[in-house]
Amino acid sequence: MEIRQNTPTDWYVEWDAQYGKPKTSVKIERTTIKGHTRYLYLAQNLSGFKTQKVHYHGKTQYRVALFNPQKAYAVQFNLDGDAEGLKPNAYGVLVFGGQAVYTSYNLK
């Protein structure tokens, strides 16, 4: 898993030389699913996110939660300046390690 920082003012995220290196990365060793929550087990602590220490030895020492409240939001914005050019855009909200994460969906 790689954590990258994007610019919230951009229309879309473009991975180029500026965003070439991730802020942090860690290997996911195991995953369990309970309801709308996925628990990702890691061998080392993931800096910047709320992790829980679950074991003292082995590859699954830390756990981070990915919660999907299953809420999606739709926004319409005008790209061309005319009233008929409204393009819908949708995004979902996830909670990863205690922080809200937004995922974009392309609607055509």
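**View 1. Thr32 and Tyr39 face each other across two paired strands.** In this predicted model, Thr32 stands opposite Tyr39 of strand S4. Thr32 itself belongs to strand S3. Beyond its neighbours within four places in sequence, Thr32 is in contact with Thr37, Arg38, Tyr39 and Tyr41. Is Thr32 buried or exposed? Thr32 counts as buried because its relative accessible area is 16%, under the 20% limit for that label.

**View 2. Strands S3 and S4 make a hairpin.** Step back a little from Thr32 to take in the two strands as a pair. S3 covers residues 28-34 and runs antiparallel to S4, with six bridges joining them. One of the facing pairs here is Thr31 with its bridge partner Leu40 in S4. Two residues lie between the strands of this hairpin. In the turn you can find Gly35, whose phi is positive, at about 65 degrees.

**View 3. Strand S4 also pairs with strand S6.** How many bridges connect S4 and S6? There are six, and the pairing is antiparallel. Tyr41 has Arg63 of S6 as its bridge partner. S4 is a mostly covered strand, with five of its six residues buried.

**View 4. Two arginines sit over tyrosine rings.** Look for the charged end of Arg30, which sits over the ring of Tyr41 at 4.7 Å from the ring centre. A second arrangement of this kind involves Arg63, whose charged end sits over the ring of Tyr39, 4.4 Å from its centre. Tyr39 has already appeared opposite Thr32, and Arg63 as the bridge partner of Tyr41.

**View 5. Nine residues form the largest nonpolar core.** Which residues belong to this core? They are Ile3, Val26, Leu40, Leu42, Leu46, Phe49, Tyr62, Val64 and Phe96. Strands S4 (37-42) and S6 (62-67) are the elements that each give two or more residues to it. Nonpolar side chains in soluble globular proteins tend to be buried together. Tyr62 is a good place to pause within this view. Setting aside residues up to four places away in sequence, Tyr62 touches Leu40, Tyr41, Leu42, Ala43, Gln44, Asn45, Thr51, Gln52, Lys53 and Val54.

**View 6. Phe49 and Phe96 form an aromatic pair.** A search of the whole structure turns up one aromatic pair. Its members are Phe49 and Phe96, arranged edge-to-face, with 5.0 Å from centre to centre and 70 degrees between the planes. Where along the chain do the two rings of the pair come from? Phe49 lies in the loop between S4 and S5, while Phe96 is in strand S8 (residues 86-96), so the pair links distant parts of the chain, 47 residues apart. Both phenylalanines are buried, and both are members of the nine-residue core.

**View 7. Thr60 and His55 share a loop.** Thr60 is found in the loop between strand S5 (52-53) and S6, and His55 is in the loop between S5 and S6 too. How do the two residues fare for cover, buried or partly exposed? Thr60 is buried, with a relative accessible area of 16%. His55 is partly exposed because its relative accessible area is 37%, which falls between the 20% and 50% limits. Leaving out neighbours within four places in sequence, Thr60 is in contact with Glu29, Arg30, Tyr41, Leu42, Val54 and His55. On the same basis, His55 touches Thr60 and Gln61. For a sense of scale, the C-alpha atoms of His55 and Ala43 are separated by 9.6 Å, and these residues are twelve apart along the chain.

**View 8. The whole protein puts the close-ups in context.** The protein has nine strands and zero helices, and its pattern along the sequence reads β-β-β-β-β-β-β-β-β. What share of the 108 residues is buried? Buried residues account for 21%. Of the contacts between residues at least 6 apart in sequence, 29% join residues at least 24 apart. The accessible surface is about 8300 Å², and carbon and sulfur atoms hold 50% of it.

Definitions and conventions:
Residues are numbered from 1 along each chain as its sequence is written. This is a predicted model: local features need pLDDT of at least 70, side-chain atom pairs count only at pLDDT 80 or more; totals for chains, interfaces and linings use all residues. Side-chain values use heavy atoms; hydrogens and water are left out. A nonpolar core is a set of buried Ala, Val, Leu, Ile, Met, Phe, Trp, Tyr and Cys residues joined through side-chain atoms within 4.5 Å. Buried means under 20% relative accessible area, exposed over 50%, partly exposed in between (1.4 Å probe, protein chains only). Helices (H or I, at least four residues) and strands (E, at least two) are DSSP runs, numbered from the N terminus. Contact means heavy atoms within 4.5 Å. Two strands pair if DSSP finds at least two bridges between them. Accessible areas come from the Shrake-Rupley method with a 1.4 Å probe; for residues, only the protein chains shown count as cover. Rings of Phe, Tyr and Trp (its six-membered ring) pair if their centres lie within 6.5 Å; planes under 30 degrees apart count as stacked, over 60 as edge-to-face and the rest as tilted. A charge sits over a ring if NZ of Lys or CZ of Arg is within 6 Å of the ring centre and within 35 degrees of the ring normal.
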